[in-house]
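Okay, thanks for squeezing me in. I'd like to walk you through one chain, going from its fold to its domains.

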Amino acid sequence: MTKFWVYLIVMAGVTYLVRMVPLVLVKKKITNRFILSFLHYLPYAVLSAMTIPAVFYATNYGASAAIGFVVAVILAYFGKSLVTVAAFSCVAVFLAELVIKFI
Amino acid sequence: MNEKNSFSKGIVDGLPICFGYLSVSFAFGIFATQSGLTIFEALLLSMTNVTSAGQFAAVPIIVSGGALIELAIAQLVINLRYALMSISLSQKLGDSVRLPDRFVIAFVNTDEVFAVASGSDRPVGRKYLYGLILTPYLGWSIGTLIGAGAGNILPASVVSALGLAIYGMFIAIVVPDMKKEKPVALCVVIAVVLSCAFEYLPFLQAVPDGFVIIICAAVSSALMAALKPIPVQEVAAND
């Protein structure tokens, strides 16, 4: 499948350039307060927009995803680590789907 | 200013990302081989791209023999958020990070690596960053390999449950800071409302997912930057 290699190179090339060009070109420290504030809020905004509503379609059932989501938010609210939150929310989905199938 | 520049600290901070990636890349491995790619091709995609959403979007295009330009535009749109993250990360890099380091670090500047690096209270150094990207990269590659090779023998219920892992990580990053900083909480609410609008409202639905994330993130961050700029001492601390 030689065509695969062409796809691979194009895809990896685009992805890398998008990440690399800004990181290599922006060398100066930004001092503009608006831009600094914008960059401060950005990670939260990106991750939130990626999570909701997509998280509710991430599993076999909307209800199980919703339960996993709630478990994750509660654990995160009480400051649990990334691994704990991710692992327990998966377990919650698994258990919820057992119940859903039983019903 | 003193940097966070310990390789072992980077490894420790990267481990949760690694475990999160194992499950997500595992799901990708399953998806890729079930779509018709070989195990080797699935692994190569992960090792050269390290981008979850981008890879999931690419597989159908590749197996259906789609146009290269379609693949390129899809990747550009879905991954454009990384350009914003790279600009943001550039402000966090310590003096020990040299030009060749930037070329390497950019390769694994994922959502989670970025989130952890930008969450640091001090500038991050090259050794720390290499530690931070090492295990996530291995996790992403190994998870893909295992998923592609052995995914078919796993029950569908387990695969379904693993689908929540990546979002669990996102939530673990965002929620604690929403609690600490009210403006961050408001920013999240705005981003979520916008994101839902693009998902459910007519016309807005037609906007491709990659653009949606950028629009939601840029609008809510700009709005909050105008309404609640970060305190001046934090600005000074960034200089």
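**Chain B, from fold to domains**

So, reading chain B from the N terminus, the elements go α-α-α-α-α-α-α-α-α-α-α-α-α. If you'd rather have the tally, that's 13 helices and zero strands. And yes, keep in mind that this is a predicted model.

How compact is chain B for a globular protein of its length? Its radius of gyration is 19 Å, and the globule rule gives 18 Å for 239 residues, which is close, so chain B is as compact as a globular protein of that length. If you like box dimensions, the C-alpha trace covers about 55 × 45 × 35 Å along its principal axes.

Now the packing. Out of 239 residues in chain B, 51% count as buried. Then look at who touches whom: take the contacts between residues at least 6 apart in sequence, and 81% of those link residues at least 24 apart.

Okay, domains. Where do they fall in chain B? Domain 1 covers 7-173, and domain 2 covers 181-239. Their C-alpha centres sit 23 Å apart.

And how many residues do the domains use to touch each other? On the domain 1 side of chain B there are five, and they're in contact with eight residues of domain 2. What sort of residues are on that domain 1 side? Three are nonpolar, one is polar and one is charged.

So, to recap: chain B has 13 helices and zero strands, divided into two domains, with five residues of domain 1 meeting eight of domain 2. That's me done, happy to take questions.

Methods:
Residues numbered from 1 in each chain as written. Chains lettered and ligands numbered in written order. Predicted model: local features only at pLDDT ≥ 70, side-chain atom pairs only at ≥ 80, totals over all residues. Domains from an automatic or database assignment. Contact = placed C-beta atoms within 7 Å. Nonpolar A, V, L, I, M, F, W, Y, C, P; charged D, E, K, R; others polar. Helix = DSSP H or I, 4+ residues; strand = E, 2+ residues; numbered from the N terminus. Rg over C-alpha atoms; globule rule 2.2 N^0.38 Å. Buried ≥ 20, exposed ≤ 12 C-beta atoms within 10 Å, placed from the backbone.
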